[in-house]
Amino acid sequence: MRIGVLTGGGDAPGLNIAVYSFIKLAERNHEVYVIYHGWRGLLEREVRRITSLDLVDFAFSGGTYIKTSRTNPFKDEERARLLERNVKELGLDVVVAIGGDDTLGAAGEAQRRGILNAVGIPKTIDNDVFGTDFTIGFDSAVNAAVNVTESFKTTLISHERIGVVEVMGREAGWVALHTGLATMADATLIPEKQVSWDSVVRRVKEAYEKKHWALVVVSEGIKEYEGPRDEFGHARLGGVGNELADYIEKATGIETRAVIPGHIIRGVSPSAFDRTLAIRYATAAYEAIENDRFGIMVAYSNGELTHVPIVEVVGKNKLVSGYWLRLYETYWGDLN
Ligand code: F6P
């Protein structure tokens, strides 16, 4: 078979390992091609035959060696026709799409229209892909966010200040929740939980009175932010963290600083967990292809590798809920 591999959407630690280990398996009995720049590469025919040896030097670094884009090949029918023509002319039998909801959504649509056979692998530091417990990149990003926050805490303690850390997470608060828990923040704000900033101020003040410093972790996607947003309704990077820090400083009269790790937590070297997750997903994707199972996303559920139909997981975000929301409430529940 001729198999193409692409990565789409925001990059994430572990992508290179997923591509590398998939190619290492698939090149034994198939022709493997990389598609540069996600779905855009299929529209622009940026496709190259590759071997695992071409990738081995980069396999364990962050980012994505085969580049990425947020191009949606189904934005209009002209693009969709171009995609279909290119897939046919390139002779691709299968495309392995490694991405979040948008990238997987395009894979599902291509499969539905009979343009290609798709196998999806979930990745995003946000961990918000439905149908899987973990996405590639989440664990590394949380580890990086915890390291940044611990450094920040050190200087908050020295200067007896309040600190606000804003972490990525547009739709879901997984990164903020895990960072807040792992650093035992005094308050954590996530999109899934409505809070009042005055309660946050009260909580932070109480904490400050006891230990002379306080820490707040906030997800960029919280609904309460009233500052500028882009055309998709997303807050500008740092907008939420800075606004919250200003609000707390004005309300408490205590020096407050904001730290915005932003893309730094996305560009780190993959953690051991993400490395093995990427390898397990790549293996499961290879096995699915060998068994002619298409239109599926490989997933991790309750400690087991499984498959789920792509159509069942796209178009919805996996939000913080159930056990994780109860855990959130145990620590920060009464912030409204
Ligand atoms: O990949 C998802 C994500 O990390 C979001 O949490 C964040 O809002 C977004 O990417 C930022 O994307 P960009 O790299 O386009 O600024």
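**Reading helix packing and domains**

Modeller: Let's start with one pair: the axes of helix 8 (residues 197-211) and helix 9 (residues 239-252) come within 10 Å and cross at roughly 65°. This is a predicted model, where local features need pLDDT of at least 70, side-chain atom pairs count only at pLDDT 80 or more, and totals for chains, interfaces and linings use all residues. Residues are numbered from 1 along each chain as its sequence is written.

Colleague: How should I read such a pair of helices?

Modeller: Two packed helices are described by the angle between their axes and the distance between the axes. Axes are lines fitted to C-alpha atoms, for helices over the stretch in contact, and angles run from 0 to 180 degrees between N-to-C directions. Helices are DSSP runs (H or I, at least four residues), as are strands (E, at least two), numbered from the N terminus.

Colleague: Which hand does the crossing of helix 8 and helix 9 have?

Modeller: A crossing is left-handed if the near helix is turned anticlockwise from the far one by less than a right angle, and right-handed if clockwise. Helix 8 and helix 9 cross in the right-handed sense.

Colleague: And which residues meet there?

Modeller: Contact means that C-beta atoms, placed from the backbone, lie within 7 Å. From helix 8 come Trp 197, Val 201, Val 204 and Lys 205, facing Leu 244, Tyr 247, Ile 248, Ala 251 and Thr 252 of helix 9. By class, this contact has seven nonpolar, one polar and one charged residues. Here Ala, Val, Leu, Ile, Met, Phe, Trp, Tyr, Cys and Pro count as nonpolar, Asp, Glu, Lys and Arg as charged, and the others, Gly among them, as polar.

Colleague: At what angle do helix 6 and helix 7 pack?

Modeller: Helix 6 (residues 138-159) packs on helix 7 (residues 174-182) at about 45°, with the axes 9 Å apart. That angle makes helix 6 oblique to helix 7. Under 35 degrees counts as roughly parallel, over 145 as roughly antiparallel, 65 to 115 as roughly perpendicular and the rest as oblique. The crossing is right-handed.

Colleague: How is the protein divided into domains?

Modeller: Domain bounds come from an automatic or database domain assignment. Domain 1 covers 2-136 + 270-312, and domain 2 covers 139-267. Their C-alpha centres lie 33 Å apart. The contact takes 15 residues from domain 1 and 14 residues from domain 2. On the domain 1 side, the residues divide into five nonpolar, six polar and four charged.

Technical notes:
Two residues are in contact if their C-beta atoms, placed from the backbone, lie within 7 Å.
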